2 protein chains.
Amino acid sequence: MKLGTKGRYAVMALVDLAYYGQGKPLALTEIAQRQSLPISYLEQLFLKLRQKGFVASTRGHLGGYTLAREAEAIRISEILEAIGEPLETTRCDKSSSTGCLGTNAKCLTHALWAGLGAQMHQYLHGISLADVCERRVV
Amino acid sequence: MKLGTKGRYAVMALVDLAYYGQGKPLALTEIAQRQSLPISYLEQLFLKLRQKGFVASTRGHLGGYTLAREAEAIRISEILEAIGEPLETTRCDKSSSTGCLGTNAKCLTHALWAGLGAQMHQYLHGISLADVCERRVV
DNA sequence: AGAATTCCCGACTAAATTAGTCAAGTATGA
DNA sequence: TCATACTTGACTAATTTAGTCGGGAATTCT
């Protein structure tokens, strides 16, 4: 159970954007250099972030990305979801009728893993980009 | 960020052992069948669980495994640690002096990930094998 | 106009990890 | 002695991760 670079980099980059970009577009190269992240990898991530409406892009010279929403209104959990960072604690097939429902002794652990997932989601949903920027994180 | 089978299977098997094994040794084949887990894989896991003192083994006919500790005294977090399920949310190198300390703007996210890890550990530390068996899990 | 800068996008891949299998052995009880 | 069950190490196929690469398209500066 470890956090992948996709999720970590996406959040790092957005925090950087919220922290250093004051309304003005910030080039990906600048973010990548400051955070020591591979730029072509970041491009992939920002493609998704733009499609999901987290950032807006300006092309050409002096272009870059800006936040499309208020930093206060972007939850960390949303970022991870947008980027495709799984956050999966169970493997029970929800669609299948034979899937585990946590009702029998065989799947006694279902509630445990579901609870862990809920815990994680709750924590990450409770923190916004702005919270991270202003070090309001326990 | 997904939970691997190692951790999941280990907990499933120990819950099964606590639930069905009343002091008497339970053969791995029985646990494996009931939980639909690959037996040779479970063998690997129980090797570690025995070495770390979670279970005791009885060899030969009618042999098997028993819990070496009270089900109330075994925390889920301990099992995952024993088995080698990572539970890593950060990648900051703790040993290196150049490692991230969460003090500069570059690593503003450190506290976030560390907090997530703490949250997960706290949840899993607060639940014992017995809690899972008796469905005392939120 | 042309050059420089920057985003846009899909395809590809090396390396690591996962999720096991397999084979051979040792101990015990019926 | 035979079947059962734990013990242990080596091996591996498949998946996932963590990127790279190459070519394009839009925009602005000179």
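Lay chain A on chain B and you get an RMSD of 0.0 Å, using a turn of 180 degrees and a shift of 0.0 Å along the axis. The two copies are therefore related as by a two-fold rotation axis. Keep in mind that this is a predicted model. If you want to find the axis by eye, look for Met1(A): of the residues of chain A, its C-alpha comes closest to the axis, at 2.8 Å. The pairing of the chains fits the picture too. Of the interface residues of chain A, 100% are also interface residues in chain B, so the copies meet through the same surface.

**Around DNA strand D**

Now turn to DNA strand D, which has 28 residues around it. The closest are Gln44(A) from one chain, plus Leu47(B), Arg50(B), Ser57(B) and Tyr65(B) from the other. What kind of residues make up this surface? They split into nine nonpolar, 13 polar and six charged.

Which parts of the DNA face the protein? Of the strand D atoms within 4 Å of the protein, 75% belong to sugar or phosphate, and the rest belong to bases. Here are three contacts with sugar or phosphate groups that you can look up yourself.

| Residue and its atom | Partner on DNA strand D | Distance |
|---|---|---|
| Arg59(A), polar side-chain atom | sugar or linking oxygen | 2.8 Å |
| Leu28(B), backbone N or O atom | phosphate oxygen | 2.9 Å |
| Arg91(B), polar side-chain atom | phosphate oxygen | 2.8 Å |

Zooming out to whole elements, those giving two or more residues to the surface near strand D are α1 (5–20) and α3 (39–51) in chain A, along with α3 (39–51), β1 (55–58) and β2 (64–67) in chain B. The largest share, four residues, comes from α3(B).

**Charged pairs in the protein**

Side chains of opposite charge can pair when their charged atoms come close. Over all chains, the count of salt bridges comes to 10.

Take Glu78(B) and Arg69(B), whose side chains meet in a salt bridge at 3.5 Å, N to O. Glu78(B) is partly exposed, with 24% relative accessible area, and Arg69(B) is partly exposed as well, at 30%.

Arg136(B) is a good one to click on. One salt bridge links Arg136(B) to Asp131(B), with the closest N and O atoms 2.9 Å apart. Another links Arg136(B) to Glu134(B), and there the closest N and O atoms are 2.3 Å apart. Are these residues buried or partly exposed? Arg136(B) counts as partly exposed at 47% relative accessibility, and so does Glu134(B) at 46%, but Asp131(B) is buried at 14%.

Over in chain A, salt bridges with shared partners tie Asp16(A), Glu30(A) and Arg34(A) into one network.

Note on methods. Residues are numbered from 1 along each chain as its sequence is written. Chains are lettered from A and ligands numbered from 1 in the order in which they are written. This is a predicted model: local features need pLDDT of at least 70, side-chain atom pairs count only at pLDDT 80 or more; totals for chains, interfaces and linings use all residues. Side-chain values use heavy atoms; hydrogens and water are left out. A residue is near a molecule or strand if one of its heavy atoms lies within 4 Å of it. A polar contact is a pair of N or O atoms within 3.5 Å; within protein, one must be able to donate a hydrogen and the other to accept it, and residues adjacent in sequence count only if both atoms are side-chain atoms. Ala, Val, Leu, Ile, Met, Phe, Trp, Tyr, Cys and Pro count as nonpolar, Asp, Glu, Lys and Arg as charged, and the others, Gly among them, as polar. Copies are superposed by least squares on the C-alpha atoms of residues with pLDDT of at least 70 in both. Contact means heavy atoms within 4.5 Å. A salt bridge is a side-chain nitrogen of Lys or Arg within 4 Å of a carboxyl oxygen of Asp or Glu. Buried means under 20% relative accessible area, exposed over 50%, partly exposed in between (1.4 Å probe, protein chains only).
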